[in-house]
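Student: Hey, I've just opened this one and I'm new to it. Can you walk me through it?
Tutor: Sure, have a look first and then ask away.

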Amino acid sequence: MKSDNIVNLNSVKESQINFDESLQLVKKEKVVLVGNPNVGKSCVFNYLSGMYVDVSNFPGTTVSLIKSNYKGKDVYDTPGIYGVSSFNDEEKVAKEIILDADVVLNIVNALHLERDLFLTQQLIDMGKRVTVLLNFSDELKKRKIRISTAKLSEHLGVEIIETSAVNKTGFDKIDYAIEHAKVGNQQLDLHFMLQQVMDKSIPQAEALLILEGDQETSDKYNIPNGTADEREKIYIGRRNRVNEIVDIVEFEDSKKGEIFNLLGRLSLTPLTGIPILLVMLTLVYFFIGDFVSQQIVNYTEKVIGKGVFEYNVKSFVADYTPSTIDVQVLDQNNNVVEQKIFAFKDGINANQQLANEFKNFSSKPGTVSEFHYSNPFVRLFFGEFGVITMTITYLLFLLTPLVIGFYFVMALLEDSGYLPRLATMLDRAFNKIGLNGRAVIPIMLGFGCITMANITTRLLGTEREKSIVTAILQFTIPCSAQLAVITVLLSGVGIQSLLIFAGVIFTVLITLSTVLNKMLPGESSPLLIDLPIMRFPRMSNVAKKTFFRSYGFMKEAGFWFFVGALAVGIMEITGLLNVWQNLLAPLTTTWLKLPREAASAFVMGMVRRDFGAAGLFHMHLSAMQATVAIITITLFVPCIASFVVMLKERGWKEGIAIWIGTWVTAFFIGGLVAQIII
Amino acid sequence: MQTAKQTKTPNSTLDKAKKGKPITIVNLPQGNIRSQLIRLGITEGDTLKCIERLPGGTIVVQKNRQEIAVGFDLAKKISVIIQS
Ligand SMILES: Nc1nc2c(ncn2[C@@H]2O[C@H](COP(=O)(O)OP(=O)(O)OP(=O)(O)O)[C@@H](O)[C@H]2O)c(=O)[nH]1
Ligand SMILES: [Mg+2]
């Protein structure tokens, strides 16, 4: 490298740095983690902050700014970017905070130096204080690639620290990295161009953005920005410089170090990719539909939930309040062999003799006790659908194991590097509905949680794509909690129901997106995505993610389930539920061909769709009725949390339109199917 | 260096690349997408390997150790020399 062509701005910047330092007395130092997508920024952030943010093996996991602190400094995790500009929302978010940063920790994937150093050089050109964390150093060793950090440091003019974020190696040098962050080397011609803009008293970072044609920045200072040609000239210059540096610092011991990742390659082409997808779905089906929903949930719900938890709570309540207890002894085929009804006018404790008789009888093996309370408020909280008893059984012992199962599968998928390959394989199919393959990522995440997926739509290139995917998510994709309930409702009614359900939902999805594609103005963006290495999911990450998401689910859902159950309970006591059921009766009984009580499910469904579906459990539906019910509930309104996030992401007009649209579609399609199959 | 690259004439577009064959990029489309490609490391004059061509024309290319998927609509706007 010709060093005469390079200028080190350390001396020039000295005065400014001192100025910054004096400011620190009042202002906390801002350390910002910046890097290309999928290089391990969030891994480093989790380490520094002690917080948990999602780490996955696809570009675009982090889509917003996350703040925390580390040793008295503010640290920020940012969305991955390939360069600083305003091509999309993530870049705008990252750009803002980079401009504000005191120290930039630039995380670089050592396997993709050529790609990543472009951003590094741009950060240096902005005049930021930078240290490079050369991450993925574990993979370097595996692949017998050597990178001379000394030479790299010399050329860039900043410190280089080798790290491996998954093994936490090199992290002991992070304090050094922050402290020794400095302004690096810049090409001379760019330096002169910059100087002209900086003479108008514009800071270097923003001067660079103006030269590179960033509209937002030039608007701010009200001066004309660089043309596309000028930007390209700077970009090509930087590209060439980076390529030259990489040539100098990188040595591949075996030229055959190319990754040949068989499974990764095979999952790209439809010929082998579709069978791989099918095998995977089958495994998931057996894991969730059989193992978790049959073996595990049977135990947790029946034995722990109903048998231990509810029995104890209810009999405790019965000790003190008037109650009637219906005790049945069942044989192995669930036939009633003996039955006794105990009536306690003033609670169990008031009648010791009958109490002993009840205890003896109900302790026989195979007994099931049903508690009926005469006080409506006791019923509200502890009855068959009691706010406390039912909420806890459903949430803790039925939904939670299933939701954990789904989150576990999602985490495996996210960590493997499979999603971007699925995106590539399905790209052409998605083109037909106005999307590109990238849309696979938010849609797949939707099967975990729609609320989360709504935010991930930010990784799509254009507004119209975001609108289409947001609509698809709210209308058609069942989240893990809902899938859990669907699994329970459909288990035992045969594969036919499952096929009808999947077929109908898929048809709605295609129709919806085709219509939106026709209606919305503009054009969608083409696919351009880099494929991460495919590898076996790291169990520690999978376990951590599953835990945090399941915990988040319980925290959020618990509250809303309680609210929903309370609403339905109060409506029942006050007679409002009856009014509502009568009101909807024509719709429920004639059009949807369901029992009129199903109308209560829609009250719960407005809170969360999965609760709506859960309300169907005890209605003794036929197989086809169950199918219609879950189709209707799936197409029904998104849960409150997801609705709120959607309004924030997409605005009021679109949000409300989608919400109303789901009402109409749910009842229209549900009824249509009912008329055909029941 | 740059002028030398541009004297070459393209004989095809990227969507027609064949699996396993090297391709040389001659011309990238204008606009933001051009900058995005340059940042990813794909510039005019580069030689890449096509590692997969999916039915319908989605192309997967490899540059150094990095695999990049390019949608059909973009691929057909990139003119290349397909080496045989
Ligand atoms: N082998 C190896 N894998 C790593 C290393 N650092 C991170 N990873 C993996 O790389 C993937 C991406 O990590 P994240 O921390 O989510 O990356 P990010 O930069 O935050 O990504 P975005 O938020 O998408 O921009 C995960 O699968 C990590 O397990 C490393 O040093 N070595
Ligand atoms: Mg991240």
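Student: Which residues are linked with A:Arg650 in a network of salt bridges?
Tutor: A:Asp89, A:Glu463, A:Lys466 and A:Glu654 are linked with A:Arg650 in that network. Keep in mind that this is a predicted model.

Student: How far apart are A:Arg650 and A:Glu654 in their salt bridge, N to O?
Tutor: Their side chains meet at 3.2 Å, N to O.

Student: And is A:Arg650 buried or exposed?
Tutor: A:Arg650 is buried, because its relative accessible area is 14% and buried means under 20%. A:Glu654 has a relative accessible area of 21%, so that one counts as partly exposed.

Student: How many salt bridges does a search of the whole structure find?
Tutor: It finds 36 over all chains. One to look at is A:Asp530 with A:Arg115, where the closest N and O atoms are 2.2 Å apart.

Student: Why does that pair tie together parts that are 415 residues apart in sequence?
Tutor: Because of where the partners lie: A:Asp530 is in strand 14 (residues 528–531) of chain A, and A:Arg115 is in helix 4 (residues 113–125) of chain A. Both A:Asp530 and A:Arg115 are buried, too.

Student: What about chain B? Which residue does B:Lys19 meet in a salt bridge?
Tutor: B:Glu52, at 3.5 Å from N to O. That pair links distant parts of the chain, 33 residues apart: B:Lys19 is in the loop between strand 1 (12–13) and strand 2 (22–27) of chain B, while B:Glu52 is in strand 3 (residues 47–53) of chain B.

Student: Are those two buried or exposed?
Tutor: One of each. B:Lys19 is exposed, with a relative accessible area of 57%, whereas B:Glu52 counts as buried at 5% relative accessibility.

Student: While we're on chain B, where is B:Lys77?
Tutor: B:Lys77 is in the loop between helix 3 (72–75) and strand 6 (79–82) of chain B. Leaving aside neighbours within four places in sequence, B:Lys77 is in contact with B:Asn27 and B:Pro29. Its C-alpha atom is separated by 6.8 Å from that of B:Thr13, and those two residues are 64 residues apart along the chain.

Student: Okay, switching topic. What are the protein donors of the magnesium ion?
Tutor: The donors for the magnesium ion (ligand 2) are A:Ser42, through OG, and A:Thr62, through OG1, lying 2.0 Å from the ion. A:Ser42 is in helix 2 (residues 41–49) of chain A and A:Thr62 is in the loop between helix 2 and strand 3 (66–70) of chain A, so the pair ties together parts that are 20 residues apart in sequence.

Student: Buried or exposed, those donors?
Tutor: Buried. A:Ser42 has a relative accessible area of 8%, and A:Thr62 has 11%.

Student: Now zoom out. How many helices and strands does chain A have?
Tutor: Chain A has 30 helices and 14 strands. Its C-alpha trace spans about 100 × 55 × 50 Å along the principal axes, and buried residues make up 57% of its 678 residues.

Student: Where's a nonpolar patch on the surface?
Tutor: Look at A:Trp652, A:Ile656, A:Ile660, A:Val664, A:Phe668, A:Leu672 and A:Ile676, which make a patch of about 750 Å². A:Phe668 is in helix 30 (residues 652–677) of chain A, and at 45% relative accessibility A:Phe668 counts as partly exposed.

Student: Last thing, what does the side chain of A:Asn454 join in a polar contact?
Tutor: The side chain of A:Gln474, at 2.5 Å. A:Asn454 lies in helix 20 (residues 450–456) of chain A and is buried, with a relative accessible area of 1%.

Student: And A:Asn106, where is that one?
Tutor: In strand 5 (residues 103–109) of chain A. A:Asn106 is buried, at a relative accessible area of 0%. A polar atom of its side chain lies 3.1 Å from the backbone oxygen of A:Val34.

Notes: Residues numbered from 1 in each chain as written. Chains lettered and ligands numbered in written order. Predicted model: local features only at pLDDT ≥ 70, side-chain atom pairs only at ≥ 80, totals over all residues. Heavy atoms only, no water. Patch = residues over 30% accessible without salt bridge, like charges linked within 9 Å, V, L, I, M, F, W, Y side chains within 5 Å. Areas by Shrake-Rupley, 256 points an atom, 1.4 Å probe, with all protein chains shown as cover. Salt bridge = Lys/Arg side-chain N within 4 Å of Asp/Glu carboxyl O. Helix = DSSP H or I, 4+ residues; strand = E, 2+ residues; numbered from the N terminus. Buried < 20%, exposed > 50% of the residue type's maximum accessible area, 1.4 Å probe, protein only. Polar contact = N/O pair within 3.5 Å; in protein donor to acceptor, adjacent residues only side chain to side chain. Donors = N, O, S within 2.8 Å, 3.2 Å for Na, K, Ca; no water. Contact = heavy atoms within 4.5 Å.
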